[in-house]
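Here's a walk through one protein model, written for someone who'd rather be at the bench. Have the viewer open and click along as we go.

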Amino acid sequence: MTNQNILACYLRISEEDLDLKQNLLKDESSSISAQRRLIHDYIQSHDDLNRLDIHEFIDDGYSGTNFDRPSIQKVFGLMAQGRIACIIVKDISRFGRNYIETGGYVEQIFPKLGVRFIAVNDSYDSMEYSGNTPGLDMAFKNVIYDYYSKDLSTKVKSIKKMQQQRGYFLAAKPPYGYLISPSNRHRLEIDPEAAKTVKLIFELTLAGQKPSEIARQLNDLKIPTPAQRLHMLYGFRFGRMTLDELKAQFWKPVQITWILKNETLTGATVNNRVQVKGIGSRQLKRQRAEDLVIVRNTHEAIIDQKTFQKAAEIIQKRTVVKTEGRKKNENLFYKKIYCGHCGCRLKHDVHTRHGHVHAVYYCPHARPTGGETCELKSIKDDALKLYVLKPLQAQAQLILDRKMNLPEPEKERLSKHLQLVLRQLDQSKEIMPRLYAEYKSGIITREQFIHQKQDIAAKTQLLASACKKLKSKLTQMDSLQKKSESEFLLEISRLETLTPHAVDLFINKVIVNSAQSIQIIWKGRDLYEGFPTGN
């Protein structure tokens with residue numbers, strides 16, 4: 001067995017500990033260095049702790065209202081392996097501010113796993129409570145920490161709302177075309193180099209060029225992408241992107257469209273684009289257009305209002321055409337079609353040319369670079385359907401001739417998914433009475449209640465929609481099963497056009513090497529070896 005000899009020193013600070021006006025720690029005793037000194041002084045004065053293998057775990061900038069923190073998860077991972085002997089923190093709030101979850105760990109999980117827990121400033125050591133619960137004092141502190149965190153979160157939101165209404169720029173990174181003013185971090189200044197590119201994008205759009213064509217031009221000119229420009233100016237890197245990945249970036253149509261839609265370029269500050277899903281959550285949700293806070297004339301404009309409006313009208317017209325075109329050109333291979341060169345999933349695009357609607361599948365790596373990063377550019381939707389239809393009909397005929405079984409249906413998988421969705425719907429409905437009770441008893445504010453109520457309503461709506469679709473698909477499967485397999489296979493073998501159900505039933509994946517070379521990977525067991533799959 002693994003030795004249980006690690007002493008985990010856990011340190012945490014978050015925005016909860018910052019002074020909102022000065023962006024400084026409210027209390028120096030909350031800093032990482034102060035927590036470290038306090039914990040190590042305590043360890044030095046206890047020989048039994050000194051004998052353990054001391055490891056330090058730090059979560060910098062993470063809320064204590066949940067345990068979705070990288071370092072505490074590492075501690076839990078080692079604990080599950082039976083390697084943690086003791087966890088020590090400055091006080092209970094450093095470990096967690098949610099009194100229910102925190103209490104669960106301290107009173108139930110740690111004792112069962114034989115993990116000692118010490119909160120120095122709270123004078124708490126679980127060894128002193130062996131066989132007993134920590135008592136009222138610990139529980140009361142947990143409740144106070146939980147309330148403090150929620151109260152502070154509400155205050156932070158109200159201050160940010162006030163700043164938004166005053167037109168302060170609050171995001172961490174400036175939008176493409178701008179810099180954060182060195183004299184006032186809440187104000188934007190024009191980035192001369194990027195502003196030239198922004199103006200070029202609008203000029204080319206008004207001249208009739210599409211985002212994909214503009215992206216190709218910018219790549220030909222070797223103009224740095226927005227992410228590359230941010231890295232050059234501030235050293236920012238996105239997510240876990242390596243420097244090599246950053247250098248290899250190229251302009252994509254979606255970036256062009258985003259710039260064309262960004263009202264900040266007209267001199268307006270646009271805030272409240274995203275909000276966290278709930279107190280303590282690190283997940284963000286995009287806000288609706290009507291919820292944006294827009295304050296005009298807060299900084300110098302790169303694009304005048306008239307030019308911006310003309311570009312918006314062009315985008316809108318293209319969107320309407322694409323929407324109408326998509327209705328007539330359904331994406332039958334959604335999440336099933338891949339590039340044979342780079343492995344990227346192909347995208348479905350509908351556009352007009354000389355008054356005619358064209359639907360194509362294209363590799364997102366190839367189009368913006370003109371084929372430099374990937375050879376495959378695009379394949380017509382109609383041509384692909386014809387390529388796939390013939391071998392699919394042949395497969396159906398082969399099964400008929402050889403009296404084989406149809407590929408395993410997805411009914412069982414869909415039924416399980418439906419049961420899961422129904423359970424989630426029931427849980428969602430149960431939350432509302434509990435939430436209302438918390439509001440009435442004063443545990444949460446009216447603003448928190450409304451916000452969480454809206455979140456639950458949106459989630460319930462999505463679940464209800466998913467439930468409806470799953471039931472419809474299962475009903476369709478039931479009606480098809482009433483026919484004999486031979487009748488159904490005969491139907492497929494005589495199809496004039498490809499149908500979604502035929503694709504779902506037979507095809508697992510389509511790999512496109514070129515317009516003349518397509519590989520089809522069939523569903524079910526490999527019953528079709530030696531039979532051609534399309535050339």
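Which residue in E4 does Arg12 stand opposite? Arg12 faces Asp59 of that strand. Before going further, a word on what you're looking at: this is a predicted model, where local features need pLDDT of at least 70, side-chain atom pairs count only at pLDDT 80 or more, and totals for chains, interfaces and linings use all residues. Residues are numbered from 1 along each chain as its sequence is written, and side-chain values use heavy atoms, with hydrogens and water left out.

**Strand E1 and its partners**

Helices (H or I, at least four residues) and strands (E, at least two) are DSSP runs, numbered from the N terminus. Two strands pair if DSSP finds at least two bridges between them. With that settled, E1 (residues 6–13) and E4 (residues 53–60) run parallel and are joined by eight bridges. E1 also runs parallel to E5 (residues 84–89), this time with four bridges, and here Leu7 stands opposite Cys86.

How many residues of E1 are buried? Eight of the eight are, so the strand is largely enclosed by the rest of the structure. Buried means under 20% relative accessible area, exposed over 50%, and partly exposed in between (1.4 Å probe, protein chains only). Ile6, Ala8, Tyr10 and Arg12 are buried on one side of E1, and Leu7, Cys9, Leu11 and Ile13 on the other.

**Helix H3, a two-faced one**

In H3 (residues 70–80), the buried residues are Ser71, Ile72, Val75, Phe76, Leu78 and Met79. Seen down the helix axis, they fall within an arc of 160 degrees, so they line one face of H3; the arc is that of the directions from the helix axis to the C-beta atoms. Turned away from that buried side are the exposed residues Lys74 and Ala80. Just after H3 comes Gly82, with a positive phi of about 80 degrees.

**Salt bridges**

Side chains of opposite charge can pair when their charged atoms come close. The rule used here asks for a side-chain nitrogen of Lys or Arg within 4 Å of a carboxyl oxygen of Asp or Glu. Counted that way, the model has eleven salt bridges. Here are some of them:

| Acidic partner | Basic partner | N to O distance |
|---|---|---|
| Asp125 | Arg116 | 2.6 Å |
| Glu193 | Lys196 | 3.6 Å |
| Asp291 | Arg288 | 3.1 Å |

Asp291 is partly exposed at 26% relative accessible area, and Arg288 is exposed at 53%. Salt bridges that share partners also tie Asp48, Arg116 and Asp125 into one network. Are Asp125 and Arg116 buried or exposed? Both are buried.

Glu193 and Lys196 sit three residues apart in H7 (residues 192–206), about one turn of the helix. Glu193 counts as partly exposed at 47% relative accessibility, while Lys196 is exposed at 55%.

**The three-stranded sheet and the largest core**

Further along the chain, look for an open sheet of three strands in the order E14-E18-E19, with mixed pairing. Its edge strands, E14 (337–339) and E19 (517–522), each pair on one side only. Neighbouring strands are turned by 20 degrees against each other on average, direction ignored; axes are lines fitted to C-alpha atoms, for helices over the stretch in contact, and angles run from 0 to 180 degrees between N-to-C directions. E14 and E18 (residues 507–514) pair in the parallel sense over three bridges, with Ile337 opposite Val510.

A nonpolar core is a set of buried Ala, Val, Leu, Ile, Met, Phe, Trp, Tyr and Cys residues joined through side-chain atoms within 4.5 Å. Which members of the largest core touch the most others? Out of its 30 residues, they are Phe333, Leu384, Phe506, Ile507 and Val512. E14, H13 (381–402), H17 (500–506), E18 and E19 each supply at least two residues of this core, and H13 gives the largest share, six residues.

Contact means heavy atoms within 4.5 Å. Not counting residues up to four places away in sequence, Val512 touches a list including Ile337, Leu346, Leu376, Ile379, Leu384 and Ile518. Apart from this core lies another, of 25 residues, among them Ala194, Ile214, Ile256 and Leu260.

**One last stop**

Gln255 lies in H11 (residues 253–261) and is buried, with a relative accessible area of 18%. Leaving aside neighbours within four places in sequence, Gln255 is in contact with Thr225, Pro226 and Phe250.
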